[in-house]
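Here are my notes on the model you sent. Please read them with the structure open.

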Amino acid sequence: MAKGKTWAWVGGLLGGTAILGAAAYYAFEKASEQPPFTLVEKDGKFEIRDYPELVVAETRAIGTRDAALNAGFSRLADYISAKRRGDNGGSGGEKIAMTAPVLSARQDASWRTQFVMPSKFTLATLPKPSDNVDLATRPARRVAVLRFSGSPDDAVLEKREAELRSWLAAKGLSGGAVEYAFYNSPFIPGALRRNEVLIAL
């Protein structure tokens, strides 16, 4: 086989493997547990949802949204994988399944990142986290939601938030703080990613 054809074959094989890997990861993420909600209203791409009380693991970081989200995700991933635990020296113990979405919201000068805990856990039954990770209960709430695909940067998120607030204003509703929900990892192509902007009502 000619050298050029050999490299083309290797490149095609690696590309095919990457596509299969991404597809498998996408299927895994779609199967992840998601928090339940009651759909109150749907208007095209806009929704109003009622969420029940949820137990979350959360952390805060200072910096840009992307940098804070990456730092927060790393800490919380360490917690659910039993690397960041306060009761056993940071190793061992029961691992906690990943859920979707990852929640991100600005809080004062920092950004808060949250993982919703699987429904089988309560605050009393969750392993104790170490520094920089806290466990909390989010009260039941009603939110307005705009769902969209793609790779969201700050400009996209600001645009989607403005769309959602405009929709609420047209209905005579005023919303509170904004929150972002990301359902897929960066490994997933942008067109397949699910993102949401949520505004508390």
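**Notes on the sheet, its helices and the cavity**

1. Start with Glu58. Glutamate 58 sits opposite glutamine 114 of E5. On the E6 side, glutamate 58 faces aspartate 134. Keep in mind that this is a predicted model.

2. Strand E3 covers residues 54-61 and is joined to E6 by 5 bridges, the two running antiparallel. One of the residue pairs here is valine 56 with alanine 136 of E6. With E5, strand E3 pairs over 6 bridges, also in the antiparallel sense.

3. How many of the 8 residues of E3 are buried? The count is 7, so E3 is largely enclosed by the rest of the structure. Buried here means under 20% relative accessible area.

4. Now the whole sheet. It is open, has 9 strands and pairs antiparallel, in the order E1-E2-E7-E9-E8-E4-E5-E3-E6. Its edges are strand E1 (38-43) and strand E6 (134-138), each of which pairs on one side only. From one strand to the next, the twist averages 30 degrees.

5. Helix H2 spans residues 65-80. It lies across E3, E4 (102-107), E5 (110-116), E6 and E8 (178-182). Its direction runs at about 35 degrees to E5.

6. Helix H3, residues 154-170, also packs on the sheet. The strands that H3 touches are E1, E2 (46-51), E7 (141-148), E8 and E9 (195-200). The direction of H3 makes about 125 degrees with that of E7. Strand E8 appears in both contact lists, that of H2 and that of H3.

7. Chain-level picture. The protein chain has 3 helices and 9 strands. Along the sequence they follow the pattern α-β-β-β-α-β-β-β-β-α-β-β. Of its 201 residues, 39% count as buried. Take the contacts between residues at least 6 apart in sequence: 68% of these join residues at least 24 apart.

8. What is the volume of the largest cavity? It comes to about 70 Å³. The count of cavities of 30 Å³ or more is 1.

9. Check the lining of that cavity. It consists of Pro35, Tyr51, Leu54, Pro101, Leu103, Val116, Arg141, Ala181, Tyr183, Glu196 and Leu198. By class, 9 lining residues are nonpolar, 2 are charged and none is polar. Arg141 and Glu196 are the charged ones. Leu54 brings the note back to E3, since the strand takes in residues 54-61.

Conventions:
Residues are numbered from 1 along each chain as its sequence is written. This is a predicted model: local features need pLDDT of at least 70, side-chain atom pairs count only at pLDDT 80 or more; totals for chains, interfaces and linings use all residues. Side-chain values use heavy atoms; hydrogens and water are left out. Two strands pair if DSSP finds at least two bridges between them. Helices (H or I, at least four residues) and strands (E, at least two) are DSSP runs, numbered from the N terminus. Axes are lines fitted to C-alpha atoms, for helices over the stretch in contact, and angles run from 0 to 180 degrees between N-to-C directions. Contact means heavy atoms within 4.5 Å. On a 1 Å grid over the protein atoms alone, a cavity is a set of points where a 1.4 Å probe fits but cannot get out, and a pocket is an open set with protein on both sides within 12 Å along at least five of seven lines; lining residues have an atom within 4 Å of a point. Grid points are joined across faces, edges and corners, and a volume is the space filled by probe spheres set on the points. Buried means under 20% relative accessible area, exposed over 50%, partly exposed in between (1.4 Å probe, protein chains only).
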